[in-house]
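Open the model in a viewer and follow the stops below. Each stop says what to select and what is there.

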Amino acid sequence: MSEILIVVLLAITLDHLIPDRQGIKPFVWYRDWAESIEERFNGGKRAHGVGAVMLATLPIVAGVFLLHYVLGQLAWILRLAFDVMVLYLCVDVHRSGKTANAISIALESGDLDEASEKLQELTGKGATEKNEADIARAAVEGVLKQGNSLIVSPIFWFMLLGPFGAVLQRLSCILDSLWGHRYERFAEFGWAAARFDDLLGWIPARITALSYALMGSFEDALHCWRRRVGVWSDINSGPLLASGFGAMHMQICEAQEEDEYTERSSDFSVIPDAGHVRRVVALVWRVLLLWLVVGILMTGAHLAGLFSG
């Protein structure tokens, strides 16, 4: 437990000190490779997608496992350094917060073009309409999702499976973004990538949603989670967004009859603005600090038990 905590703390520290990875973009080449796999394997069938996901993930995970094992045989410090580096490359705390804050600054200055450009950088897509409310809302949604996919989820899988767990989770997110069946071309082929990402994200997404409730308005977050989760079709985005919006007092979640309940994610109790973008960044940071404190306390209790014994 203490070694895992050390790795997580060092990885988060590196992410803060060297957020740009010194220009190293470890997953850019992977996207290119995944696209080449899709070109060769996409025959419009689910079985092809299953084979492509296995080909795109298993060699990488096996390589990480082998390096982890070999370095561990040479010296534990080498294994520790490798684990730190892998987790550092899989999490992305600082960039997400920095980009979201840049969106907030641009909105406050009235520069919608700059805000829209930064939103594209943050989420990979633009807002429905280029106005402050839509850009702010899209930014809040992006940060709430990335609080899970780029922070909680990789750390969760690292704790369970080590560095290959963190890498596997990161690869599944990339494959889902590339192949997830959002377009006709990936209707069947992308099924495996989408389901694989849903599977790996299911538990962490609910841990993150609960964390948003704990670090925000608990009652409102749980109420929105229960009432609004079905608004979003994605099984993991639903809890994250419903809980996050509720925790920030942004979502209307009054109880209504089921047949009167409209599935519209635009039912906000306030108009999203630059302030909400700053608040969601603060919420995600509080979640990270919460679990770091929990980890430190658990490690301290474990060490105290060893010494007292």
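In which helix do tyrosine 30 and tryptophan 33 lie, and how many residues apart are they? Both are in helix H2, residues 28–41, and they are three residues apart, which is about one turn of the helix. Keep in mind throughout that this is a predicted model.

**Stop 1: aromatic rings**

Select tyrosine 30 and tryptophan 33 and show their side chains. The structure holds six aromatic pairs. In the pair of tyrosine 30 and tryptophan 33, the ring centres are 5.9 Å apart and the planes stand at 65 degrees, so the pair is edge-to-face. An angle over 60 degrees is what earns that label. Tyrosine 30 is buried, at 0% relative accessibility, whereas tryptophan 33 is partly exposed, at 27%. Add Trp29 to the selection: Trp29, Tyr30 and Trp33 form one aromatic cluster.

Next, select phenylalanine 27 and arginine 170. Arginine 170 lies over the face of the phenylalanine 27 ring, 4.9 Å from the ring centre.

**Stop 2: salt bridges**

The whole structure has nine salt bridges. Return to helix H2 and select glutamate 38, together with arginine 185. Their side chains meet in a salt bridge, at 2.7 Å from N to O. Arginine 185 belongs to the loop between helix H8 (163–179) and H9, so this pair ties together parts that are 147 residues apart in sequence. Is glutamate 38 buried or exposed? With a relative accessibility of 5%, glutamate 38 counts as buried.

Stay with the loop between H8 and H9 and select glutamate 188, then arginine 46 in helix H3. These two form a salt bridge whose closest N and O atoms are 2.9 Å apart. The pair ties together parts that are 142 residues apart in sequence, because one partner is in that loop and the other in H3. Glutamate 188 is partly exposed, at 33% relative accessibility, and arginine 46 is also partly exposed, at 40%.

Now select glutamate 141 and arginine 137, which form a salt bridge with closest N and O atoms 3.1 Å apart. Both are in helix H7, four residues apart, or about one helical turn. Glutamate 141 is buried, with a relative accessible area of 13%.

**Stop 3: a nonpolar patch**

Show the surface and select Phe65, Leu66, Tyr69, Val70, Leu74, Trp76, Ile77 and Leu78. Together they make a nonpolar surface patch of about 850 Å². Helix H3 (46–74) and helix H4 (76–90) are the elements that give two or more residues to the patch. H3 gives the most, with five residues. Isoleucine 77 is in helix H4 and is partly exposed, at 45% relative accessible area.

**Stop 4: a covered helix**

Select helix H11, residues 237–247. How many of its residues are buried? Eleven of eleven are, among them Leu240, Leu241 and Phe245. The cover over these buried residues includes helix H7 (132–161), helix H9 (191–215) and helix H10 (218–228). Histidine 249 follows H11 and has a positive phi, near 60 degrees.

**Stop 5: a loop**

Finish at glycine 110, in the loop between helix H5 (93–108) and helix H6 (112–123). Glycine 110 counts as exposed, at 52% relative accessibility. Add alanine 75 and draw a line between the two C-alpha atoms: they are 55 Å apart in space and 35 residues apart in sequence.

Key. Residues numbered from 1 in each chain as written. Predicted model: local features only at pLDDT ≥ 70, side-chain atom pairs only at ≥ 80, totals over all residues. Heavy atoms only, no water. Phe/Tyr/Trp six-rings, centres within 6.5 Å; stacked < 30°, edge-to-face > 60°. Buried < 20%, exposed > 50% of the residue type's maximum accessible area, 1.4 Å probe, protein only. Lys NZ or Arg CZ within 6 Å of the ring centre and 35° of its normal. Patch = residues over 30% accessible without salt bridge, like charges linked within 9 Å, V, L, I, M, F, W, Y side chains within 5 Å. Areas by Shrake-Rupley, 256 points an atom, 1.4 Å probe, with all protein chains shown as cover. Salt bridge = Lys/Arg side-chain N within 4 Å of Asp/Glu carboxyl O. Contact = heavy atoms within 4.5 Å.
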